[in-house]
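Work through the exercises below with the model open. Try each task before you read its solution.

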Amino acid sequence: MGFEEEEEAIIRSYDGEADRARVEDLERRCEVGPAERVYLFTDTMGDPICRIRNSPMYKMLVAELDRELIGVIQGSIKVVTVHGRPRDLARVGYILGLRVAPIHRRKGIGSRLVRRLEEWFIAKDVDLAYMATEKSNDASVNLFVDKLGYMKFRTPAILVNPVHCHPFHIASNVEIEKIKVEEAEFLYRKFMASMEFFPNDIHKVLRNKLSLGTWVAYPRGESFGCDGQVPSSWAMLSVWNSGELFKLRVEKAPLSCLLYTKSSRLMDKFFPCFKLPYLPDFFHPFGFYFMYGLHRDGPLSGKLVRRLCKFVHNMAAKANKDCKIIVTEVAGHDTLRHHIPHWKLLSCLEDLWCIKALKNEAHELTKTPPQRALFVDPREV
């Protein structure tokens, strides 16, 4: 019976008018994240295609059986740096948002959706297809690696820090400055264009309405030169307001997490002078800021990265009550992670990127050792 249903399922393009409500319903029924930790649900706020809408090229497919929508998948296409050299560009397709209704899983629906999306990639002259999942997500890893021929590629770390009501103190010997979009693009192309998966259209990312700006930090008394000269130590990052696109909600959490949340709020209520950190309310829909394009250089740059992260936290706490967490993603072997404030309870220290060559000449990248840094595009969060 399962095989017959698989054969009868129709894979087609997403229709905003006919499918919007049904896709949102499917999203609500499909949890994200390992069951032993949390169930994380996404609220797309009436726009199921929101996570790819800002990409240069995108597509969404749905699987339908007997007029019931039983699966969805999304994909986007862009041009990025590969092989660690700015002039080595590749057209890559990113796969995300694969969902199959619980009662229709293990019937081949997921693999059919992926293959149809790969067909679209190939028609658009894509060199490489890649996806991201938790390393512990056996079902996803088995599907992509064992069945569909993807290779385990990189293991970046997703670092999450809660937004507290108390602001962080930022040392007075550090200068934090918001720079113009043109200056940010110049710095990114000069210092970060050799990063793996650096987007060739970085100018469009920086000019997107969801990008709140780019900030640099450096020792007070030094300055940036108009000719591109930089201080002896400096750090840079940009901020993307993902909460404007979709919200998150936690449905389940460890008992220790709940107890800590309640007790810390009581302590903060009765002893505010202690300024103890506490976990925000994650059980109602909340937004988040994503820090991208993190770069540092110089002997004091680690401390400057930490100052910038605290600055973003204070900005979120003051300007956006809906923002409950600050998120970033860095290469798993990048020492930058040690300077970014985060809670291990909320973070995923071993995310997994899997990659597949859609052209023979692109296969070299799948065999290269990891570079020191990895650029994570905020449009694909």
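Two strands pair if DSSP finds at least two bridges between them. Helices (H or I, at least four residues) and strands (E, at least two) are DSSP runs, numbered from the N terminus. The model is predicted: local features need pLDDT of at least 70, side-chain atom pairs count only at pLDDT 80 or more, and totals for chains, interfaces and linings use all residues. Residues are numbered from 1 along each chain as its sequence is written, and side-chain values use heavy atoms, with hydrogens and water left out.

**Exercise 1. Strand β15**

Task: Find the partners of strand β15 and state how they run.

Solution:
- Start with strand β7 (residues 151-154). It pairs with β15 in the antiparallel sense, over three bridges.
- Fix the register. Lysine 152 stands opposite cysteine 354 in β15.
- Go to strand β6 (residues 128-134). Seven bridges join β6 to β15, and the two run antiparallel.
- Fix this register too. Alanine 129 faces lysine 356 of β15.
- Check burial (buried is under 20% relative accessible area, exposed over 50%, partly exposed in between; 1.4 Å probe, protein chains only). Strand β15 (residues 351-357) is largely enclosed by the rest of the structure, because six of its seven residues are buried.

**Exercise 2. The six-stranded sheet**

Task: Give the strand order of the open sheet, then place the helices that pack on it.

Solution:
- Count the elements. The protein has eight helices and 15 strands.
- Read the order. Six strands form an open sheet, β8-β14-β13-β11-β10-β9, with mixed pairing.
- Mark the edges. β8 (157-162) and β9 each pair on one side only.
- Note the twist. It averages 25 degrees from one strand to the next. Axes are lines fitted to C-alpha atoms, for helices over the stretch in contact, and angles run from 0 to 180 degrees between N-to-C directions.
- Look at one pair. β10 and β11 run antiparallel and are joined by six bridges. Glycine 213 stands opposite valine 239 in β11.
- Add helix α5 (residues 181-191). It lies across β9, β10, β11 and β13 (287-297), at about 120 degrees to β11.
- Add helix α8 (residues 301-319). It packs on the sheet, touching β8, β9, β10, β11, β13 and β14 (323-330), and its direction makes about 25 degrees with that of β11.

**Exercise 3. Two residues of the sheet**

Task: Is serine 238 buried or exposed? What does isoleucine 158 touch?

Solution:
- Locate serine 238. It is found in strand β11.
- Read its accessibility. At a relative accessible area of 0%, serine 238 is buried.
- List its contacts (heavy atoms within 4.5 Å). Leaving out residues up to four places away in sequence, serine 238 touches Tyr188, Leu206, Gly213, Thr214, Phe290, Met291 and Tyr292.
- Find its polar contact. This is a pair of N or O atoms within 3.5 Å; within protein, one must be able to donate a hydrogen and the other to accept it, and residues adjacent in sequence count only if both atoms are side-chain atoms. The side chains of serine 238 and tyrosine 188 make one at 2.8 Å.
- Move to isoleucine 158 in strand β8. Its relative accessible area is 23%, so isoleucine 158 is partly exposed.
- List its neighbours. Beyond four places in sequence, isoleucine 158 touches Val327, Thr328, Glu329, Ser347, Cys348 and Asp351.

**Exercise 4. Salt bridges**

Task: How many salt bridges does the structure hold? Which residue pairs with aspartate 19?

Solution:
- Set the criterion. A salt bridge is a side-chain nitrogen of Lys or Arg within 4 Å of a carboxyl oxygen of Asp or Glu.
- Give the total. The structure holds 22 salt bridges.
- Take aspartate 19. Its side chain meets that of arginine 12 in a salt bridge (2.8 Å, N to O). Aspartate 19 is buried at 0%, whereas arginine 12 is partly exposed at 22%.
- Take arginine 116. It bridges to glutamate 119, with the closest N and O atoms 3.8 Å apart. The two are three residues apart in helix α3 (residues 109-123), so about one helical turn separates them.
- Take glutamate 175. Its side chain meets that of arginine 220 at 2.8 Å, N to O. This pair links distant parts of the chain, 45 residues apart: glutamate 175 is in strand β9 (residues 174-179), arginine 220 in the loop between β10 (211-219) and β11 (234-241).
- Finish with the network. Salt bridges that share partners join Lys78, Asp201, Asp377, Arg379 and Glu380.
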